[in-house]
Amino acid sequence: MPIFKDKQYFRVKLDKEADESLWLQCKSCGELVFKRRVRENNNICPNCGEYFFLTAKERIESLIDEGSFEDVSRPIIADDPLGFQDEKAYPQRLEEAQQKTGLPSAIILASASISQMPSVIGVMEFQFIGGSMGSVMGEQICHGMEEAIRRHCAFILVSSSGGARIQEGIFALLQMVKTTAVRARLARERLPFISVMTYPTTGGVLASIASLGDIIIAEKGAMIGFAGRRVIKETIAEELPKNFQTDAFALEHGIIDRVVKREDLRSELTSVLKFFQEEKKR
Amino acid sequence: MSDEKTLDLLEAKIQELRELNKVDGLDLSAEISKLEKKLAQMRTELYANLADWERVRIARNTKRPYALDYIGAIFPGFYELHGDRMCGDDRALLTGFAELDGRKVAIIAQQKGRDPAENKERYFGMARPQGYRKATRMMHLAERFRFPIISLIDTPGAYPGLESEEKNIGGAIAASILSMLEIEVPTIAVIIGEGGSGGAVAIGAADRVLMLENGIFSVISPEGAAAILWKSKERVKEAAASLKLTAPELLDMGVIDEVIPEPLGGAHKDIVQTASALKQGLIHHLDELSEKTIDEIMAARYERYRDVGRYSTLSD
């Protein structure tokens, strides 16, 4: 039984929501800018070029062909397997996250085309409990890869996650294994998996599925790291370089393949998909 | 309620009385036997209903047997292989060949240090990328020659630090999980102490997962959970209880396959007994796995991990 009786799983749609406010203040340059202009500009400040935070819906919208979005997620919602209660009960946290994001879980899973090339694409929503990976996200990622196998197309995962979801304890931890198991199947089918790391890609998500892309692309400004600065400082008083866990750090150390500006991400995915597609035809 | 320190103190006192008994020819046997009974009773009370936090403390007890203690007791002729073939020899994660009851096996084991000097060498049992790459190398080597793999898990977690991040700890753990899932030999993992998060799961995605009775296995340390969710380091007991990280709880939830019993007070009270129970458990599960074909094992492994998780299915 679902833990909340009034909760419904629902299909995600990309309807443009009416914005109440017209203006937005850029945190970086302080300029008041038109919200609509920011949106049209991939949520990049038209004045100073600062990246605004993208919701999962905005992210997917910025990547796919208009009108090609089809929610292919499984109709599932989180359980509370441990009866977890910290300062809030876990079901309450879930409910608040659902209200805040308008999503049933921390991931959107869709079939969509990018420059007319079909793909299955999963996008994590950081505002849903830090984009943390619990049983639902793990299952949706696996389902996404299986859907890619059925449709014989590429799988794209856009990560934005603080890691495993603490409130689901061991079940969250084991999603690292689960997603890796299905990832191995996708590899056997010779279907490409493109992992896109955005701000932030950390912990158990980094140490499993996100690091297993055939190609790993980081968005400029991404934060990529296994352990948080706080944990590192507490474990060992170590001087950390200025660029620690940045996109540049990850590139320099061979952790990722490319760093791409937000406005170029769609064309970058197009090139990669095209290359794999042409390879397939041979 | 008395804690373990009190019990240890009492035990030491009894030992002193025994010595006195011998030396002076005084007859203290009545007192000694009385105190022994009292000690046994207190110990039973203390350990009968261990709170999760108490188990965390036993799992981390510095007297607890570590991987090499079990290797010495269970696997004769452990032949260590040091190289990750890339950049270093991680002393927190050991690999090698050994025999279990006459059968050749490959060992992957996390090892903590006994004293400050050894802990400096072993990073308190926290493996770095070179450790996980060594483990991955061992998995493929074992597969090539059809040796079953036994991994002994005992780590607070993968080493968090600059070096780890520079050498791609995330990718190294991911690759280790992937290899563990793909190698076509039977695999058994045992959490002998701490099963700390990704650092443990990297060598824990096995066909059978066993836990010593006072082991813990968790997505995050109680301290980490307390800091993040309770915003207070003081709330570790609540955090430990909420995480359901003990062997009996994990067995109940169907996450592990067997709990290996420990003597009252913990494995360090009687390492011979603990090692013997562990050996029996390992032989039993290896026997069971050996009866299956590798295809059956691979199918069961896939199913086990493909289906892990708890959620509710709703209709559209």
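## A guided tour of chains A and B

Begin with strand β5(B), which is joined to β7(B) by three bridges, the two strands running parallel. The model on display is a predicted one. To find a single point of this pairing, select G196(B), whose bridge partner in β7(B) is S218(B).

Keep β5(B) selected and extend the view to its other partners. Strand β6 of chain B, residues 208–212, pairs with β5(B) in the parallel sense over four bridges. Here I191(B) may be highlighted together with M211(B), the residue of β6(B) that stands opposite. Next, add strand β4 of chain B, residues 149–155, which runs parallel to β5(B) and is joined to that strand by six bridges. Within this pair, V190(B) of β5(B) stands opposite L152(B).

Now colour β5(B), residues 187–196, by burial. Because 10 of its 10 residues are buried, this strand is largely enclosed by the rest of the structure.

The next selection is the largest nonpolar core, which has 166 residues. Two of its members, F155(A) and I177(B), touch the most other members. The element that gives the most to this core is helix α8 of chain B, residues 169–182, with nine residues. Centre the view on I177(B) and show its contacts, leaving out residues up to four places away in sequence. In chain A, I177(B) touches M176(A), V177(A), T180(A) and S208(A). In chain B, I177(B) touches V201(B), A202(B) and A205(B).

From there, display the whole contact between the two chains. Chain A contributes 55 residues and chain B contributes 46 residues. On the chain B side, the elements that each supply at least two residues include α7 (162–166), α9 (197–201), α10 (222–230), α11 (236–243) and α14 (294–306), as well as the strands β7 (216–218) and β9 (311–313). The largest share of this side, nine residues, comes from α8(B). Colouring the chain B side by class gives 26 nonpolar, 13 polar and seven charged residues.

Stay at the contact and select β9(B) with strand β4 of chain A, residues 76–78. These two strands pair in the antiparallel sense over three bridges. One residue pair to label is I76(A) with its bridge partner in β9(B), T313(B).

Turn next to F75(B), in the loop between α4 (67–74) and β1 (79–81) of chain B. Is F75(B) buried or exposed? A residue counts as buried if 20 or more other C-beta atoms lie within 10 Å of its own. F75(B) is therefore buried, since 22 other C-beta atoms lie within 10 Å. Apart from neighbours within four places in sequence, F75(B) is in contact with A98(B), E99(B), L100(B) and I107(B). For a distance to draw in the viewer, select the C-alpha atoms of F75(B) and I203(B): they are separated by 19 Å, and the two residues are 128 residues apart along the chain.

The last stop is chain A, coloured by domain. Its domain assignment gives domain 1 (20–52) and domain 2 (54–281). The centres of these two domains of chain A, taken over C-alpha atoms, are separated by 25 Å. Where the domains meet, four residues of domain 1 of chain A are in contact with six residues of domain 2 of chain A. On the domain 1 side of this contact, there are two nonpolar, two polar and no charged residues.

Conventions. Residues are numbered from 1 along each chain as its sequence is written. Chains are lettered from A and ligands numbered from 1 in the order in which they are written. This is a predicted model: local features need pLDDT of at least 70, side-chain atom pairs count only at pLDDT 80 or more; totals for chains, interfaces and linings use all residues. A nonpolar core is a set of buried Ala, Val, Leu, Ile, Met, Phe, Trp, Tyr and Cys residues joined through C-beta atoms within 7 Å. A residue is buried if 20 or more other C-beta atoms lie within 10 Å of its own, exposed if 12 or fewer, and partly exposed in between; C-beta atoms are placed from the backbone. Two residues are in contact if their C-beta atoms, placed from the backbone, lie within 7 Å. Domain bounds come from an automatic or database domain assignment. Ala, Val, Leu, Ile, Met, Phe, Trp, Tyr, Cys and Pro count as nonpolar, Asp, Glu, Lys and Arg as charged, and the others, Gly among them, as polar. Two strands pair if DSSP finds at least two bridges between them.
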